[in-house]
Amino acid sequence: QVQLRESGGGLVQAGGSLRLSCTTSGGTFSSYTMGWFRQAPGKERENVAAISWRSNRTYYAASVKGRFTISRDNAKNTVYLQMNSLKPEDTAIYYCAADPKDGSFAKYDYWGQGTQVTVSS
């Protein structure tokens, strides 16, 4: 069974940085498309970023482009989300997700439990 665990969330002031990590177990991480999502209270879940299994394709939501960077280390079964120039509107629970077969950045089969990111003004 594939399991995903996020870490690295916390409280940061506006303009600061955080790096989220998501480590997977129980599957073949190196073949998965990986994504980061977030959900703020009262808002729909948003796909923040995604990366293909070879790291040759990435996706960023317009709201984070130029500030966030997704990367992966297949040897460590880990995907990262480097978040710079954080804004209060980035406050949300951040989830990582794994797609073992679709590759379209649109469908994910496995999800982590989430990590809270809070940006104070």
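Let me begin with a strand pair: β3 and β8 run antiparallel and are joined by 6 bridges. Within that pairing, S21 has Y80 of β8 as its bridge partner. I should say at once that this is a predicted model.

The pair belongs to an open sheet of 4 strands, ordered β1-β3-β8-β7, with antiparallel pairing. At its edges lie β1, residues 3–7, and β7, and each of these pairs on one side only. Direction ignored, neighbouring strands of this sheet are turned by 15° against each other on average.

I turn now to the nonpolar interior. The largest nonpolar core has 29 residues, and those with the most contacts inside it are M34, W36, L81, M83 and Y94. Several strands give two or more residues to this core: β3 (18–25), β4, β5 (46–51), β7 (68–73), β8 (78–83), β9 (92–99) and β11 (115–120). The largest share, 4 residues, comes from β9. There is also a second, separate core of 5 residues, which includes F37, A50, A97 and F105.

Next, one residue of β4 merits attention. R38 is located in that strand, which spans residues 33–39. Is R38 buried or exposed? Its relative accessibility is 7%, and because the cut-off for burial is under 20%, R38 counts as buried.

Which side chains does the side chain of R38 meet in polar contacts? One is that of S63, at 3.4 Å. Another is that of Y94, at 2.9 Å; Y94 is also among the residues with the most contacts inside the largest core. Beyond four places in sequence, R38 touches E44, R45, E46, V48, S63, V64, F68, E89, D90, A92, I93 and Y94.

Finally, let us consider Q116, which is placed in strand β11. In sequence, Q116 and R38 are 78 residues apart, while their C-alpha atoms are 9.3 Å apart in space. Q116 has a relative accessible area of 39%, so this residue is partly exposed, whereas R38 is buried. The side chain of Q116 makes a polar contact of 3.4 Å with the side chain of T118. Setting aside neighbours within four places in sequence, Q116 is in contact with G9, G10, T91, A92 and I93. Of these, A92 and I93 also appear among the residues that R38 touches.

To close, I return to the two residues just discussed: R38 lies in β4 and Q116 in β11, and both strands are among those giving two or more residues to the largest core.

Definitions and conventions
Residues numbered from 1 in each chain as written. Predicted model: local features only at pLDDT ≥ 70, side-chain atom pairs only at ≥ 80, totals over all residues. Heavy atoms only, no water. Buried < 20%, exposed > 50% of the residue type's maximum accessible area, 1.4 Å probe, protein only. Polar contact = N/O pair within 3.5 Å; in protein donor to acceptor, adjacent residues only side chain to side chain. Contact = heavy atoms within 4.5 Å. Core = buried A, V, L, I, M, F, W, Y, C linked by side-chain atoms within 4.5 Å. Pairing = 2+ DSSP bridges. Axes fitted to C-alpha atoms, helices over the stretch in contact; angles between N-to-C directions.
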